[in-house]
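Biologist: Please take one part of this model and go through it closely. I would like to hear about the packing of one pair of helices, and what surrounds it.

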Amino acid sequence: MRNVLVVAATVVLSVLPAHAQQQPVQPQQPLYGGGSGSGPGPRLGDTQDCRAEARRQAEARYPPQRINNRGREMTFENPNLFSAETSFFQDCMRRKGF
């Protein structure tokens, strides 16, 4: 049993220096836009504009639900609001070219 552990430790330790010398893999294409053929990535102003526009459109389409229960008014956010806002945001960013 001891011989097996010594051999296993020797193999692992001999492979580590070879593995440490390898260069990291570089991605072929950038992950988030801004590639050599495309324009710059989205700026903060672009995303803020699209978020505000998407929020307005989603709230107009799916307004909050108000329920009056025994004199108390309760307001609930429409469950479709989040998915609509996400969709509107993506549409806006596509229109801006991203």
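**A helix pair up close**

Modeller: H2 and H3 lie oblique to each other, because their angle of about 135° falls outside the ranges for roughly parallel, roughly perpendicular and roughly antiparallel, the last of which begins over 145. This is a predicted model. Helix H2 covers residues 44–61, and its axis runs 8 Å from that of H3. The crossing of the two is right-handed.

Now the contact itself. From H2 come Asp46, Thr47, Cys50, Arg51, Glu53, Ala54, Arg55, Gln57, Ala58, Glu59 and Arg61. On the H3 side they meet Leu81, Ala84, Glu85, Phe88, Phe89, Cys92, Met93 and Arg95. Sorted by class, the contact holds nine nonpolar, eight charged and two polar residues.

How far can this be trusted? H3 (residues 81–95) has the highest mean pLDDT among the elements of the chain, at 94. Helix H1 (residues 2–20) has the lowest, at 61. The chain as a whole averages 77, with 60% of the residues scoring at least 70. Where pLDDT is low, the predicted coordinates should not be read in detail.

Next, the strands. E1 (residues 65–69) and E2 (residues 72–76) run antiparallel, joined by five bridges. Arg66 has Thr75 in E2 as its bridge partner. The two strands form a hairpin, with two residues between them. Arg70 sits in the turn and has a positive phi of about 55°.

Methods: Residues are numbered from 1 along each chain as its sequence is written. This is a predicted model: local features need pLDDT of at least 70, side-chain atom pairs count only at pLDDT 80 or more; totals for chains, interfaces and linings use all residues. Side-chain values use heavy atoms; hydrogens and water are left out. pLDDT is the predictor's confidence in each residue, from 0 to 100. Helices (H or I, at least four residues) and strands (E, at least two) are DSSP runs, numbered from the N terminus. Axes are lines fitted to C-alpha atoms, for helices over the stretch in contact, and angles run from 0 to 180 degrees between N-to-C directions. Angles under 35 degrees count as roughly parallel, over 145 as roughly antiparallel, 65 to 115 as roughly perpendicular and the rest as oblique. A crossing is left-handed if the near helix is turned anticlockwise from the far one by less than a right angle, and right-handed if clockwise. Contact means heavy atoms within 4.5 Å. Ala, Val, Leu, Ile, Met, Phe, Trp, Tyr, Cys and Pro count as nonpolar, Asp, Glu, Lys and Arg as charged, and the others, Gly among them, as polar. Two strands pair if DSSP finds at least two bridges between them.
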